[in-house]
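Here is a short briefing on the empty spaces in one protein model and on the sheet in its fold. Please read it alongside the structure.

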Amino acid sequence: MTRILLIATLLAGTAAPTLAATRVVERDVSITTADGTADAVLFSAARKGAPAVILWPDLGGLRPLYREMGRALAGEGFTVLVPNPFYRSAKATGEQLDLSDPAVRARRMEYRAAATDDGIARDTLAYLAFLDRARPGARAGTVGYDVGGSYAFRAAAAAPARIAAVVSIYGLGVATPRPNSPHLLVPKTKAAYLVVQARDDDGREPEDKADIARVVQAAGLSGDVTVYPADHGFADPAGVRSDPAAAARAWAAAVSFLKARLN
């Protein structure tokens, strides 16, 4: 998919002229963490005092799609860090992966296993420390797609004084029956939550939306959990389940939510 079409898919129904008019500085960076060196991309908005957002990719990892998302989000007035969450296993290559291939998926699941719960928490602190060089102590948000949704929840618990907004879009493994389920960390956070569920995920696990909403409400936090009429992966224009309308709706909701919570 061309960059122009990808941008159009992401920004349909949002203020696309803002992106065109906003200067965004992009650079590849290396961040020292407690577990090694993470490769990432930093997108800096020209606006002074832009709040920070950590954007966690899906199981396919850091690739052109998430570079475009980071660039677009920075164009909306944020400083955006898009890390390679699987740096412990391999550096991001930027290739488009076929996750329907059993061998490819098995390898990515090994990468996911290496990014442990505590590891994601440590990474979050390292990423915020890195972002502090641009704007020390600022409130931050975190956005995650697929497995990145669970990382967004863990990030909020790792830095409750800093993370004020959490967005999970068709999150993978956000609400599970296991004692380490990310949604059980909500009481440790001080964030507001925007959770978008895919209809096929909801069909398999219809109790998840209620479980997430329940813990958010019990913690006295603000939250919205919505099931979209689109399938898991709808925001990936190269995927077989691509749904541009749902992708645009989720993007617009995320941008509006972040602006309301972080500005």
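H7 is the top contributor to the lining of the largest pocket, giving 3 residues. The model is predicted. The largest pocket holds about 850 Å³ of space. Its lining counts 37 residues, and those closest to the centre are Arg-105, Asp-146, His-232, Gly-233 and Arg-241.

**Largest pocket: make-up of the lining**

- Four elements each supply at least two lining residues: helix H4 (102-114), strand E7 (192-198), helix H7 (199-204) and helix H8 (208-218).
- By class, the lining residues of the largest pocket are 14 charged, 12 nonpolar and 11 polar.

**Second largest pocket**

- The volume of the second largest pocket is about 250 Å³.
- Helices H4, H5 (117-131) and H6 (147-158) are the elements that give two or more residues to the lining of this pocket.
- Its lining has 17 residues. Nearest the centre of the second largest pocket lie Arg-112, Asp-117, Ser-150, Arg-154 and Asn-180.
- H6 gives the most to this lining, with 4 residues.
- The lining of the second largest pocket splits into 7 nonpolar, 6 polar and 4 charged residues.

**Cavities**

- How many cavities of 30 Å³ or more does the structure hold? There are 2.
- The largest cavity has about 50 Å³ of space.
- Ala-50, Pro-51, Ala-52, Thr-79, Leu-131, Asp-132, Ala-134, Arg-135, Ala-138 and Arg-162 line the largest cavity.
- That lining comprises 6 nonpolar, 1 polar and 3 charged residues.
- The second largest cavity has a volume of about 40 Å³.
- Its lining consists of Leu-55, Leu-73, Val-143, Tyr-145, Trp-251, Ala-254, Val-255 and Leu-258.
- Strand E5 (140-145) and helix H9 (244-262) are the elements that give two or more residues to the lining of the second largest cavity.
- H9 provides the largest share of this lining, 4 residues.
- What is the class make-up of the lining of the second largest cavity? The residues divide into 8 nonpolar, no polar and no charged.

**The sheet**

- Eight strands form an open sheet with mixed pairing, in the order E1-E2-E4-E3-E5-E6-E7-E8.
- Strand E1 (24-33) and strand E8 (223-228) stand at the edges. Each has a single partner strand, so one side of each lacks a neighbour in the sheet.
- On average, neighbouring strands of this sheet are turned by 15° against each other, direction ignored.
- Strand E2 (residues 36-45) pairs with strand E4 (residues 79-83) in the antiparallel sense, over 4 bridges.
- Leu-42 stands opposite Leu-81, which belongs to E4.

**Helix H6 and the sheet**

- Which strands does H6 lie across? They are strand E3 (52-56), E5, strand E6 (163-169) and E7.
- H6 runs at about 155° to E5.
- H6 also has a place in the second largest pocket, giving the most to its lining.

**Elements to follow in the viewer**

- E5 links two topics: E5 is among the strands that H6 lies across, and E5 gives two or more residues to the lining of the second largest cavity.
- E7 likewise is crossed by H6 and supplies at least two residues of the lining of the largest pocket.
- H4 serves both pockets, with at least two residues in the lining of the largest and two or more in that of the second largest.

Terms used. Residues numbered from 1 in each chain as written. Predicted model: local features only at pLDDT ≥ 70, side-chain atom pairs only at ≥ 80, totals over all residues. Heavy atoms only, no water. 1 Å grid on protein atoms, 1.4 Å probe; cavity = no way out; pocket = protein on both sides within 12 Å on 5 of 7 lines; lining within 4 Å. Points joined across faces, edges and corners; volume = space filled by probe spheres on them. Nonpolar A, V, L, I, M, F, W, Y, C, P; charged D, E, K, R; others polar. Pairing = 2+ DSSP bridges. Axes fitted to C-alpha atoms, helices over the stretch in contact; angles between N-to-C directions. Contact = heavy atoms within 4.5 Å.
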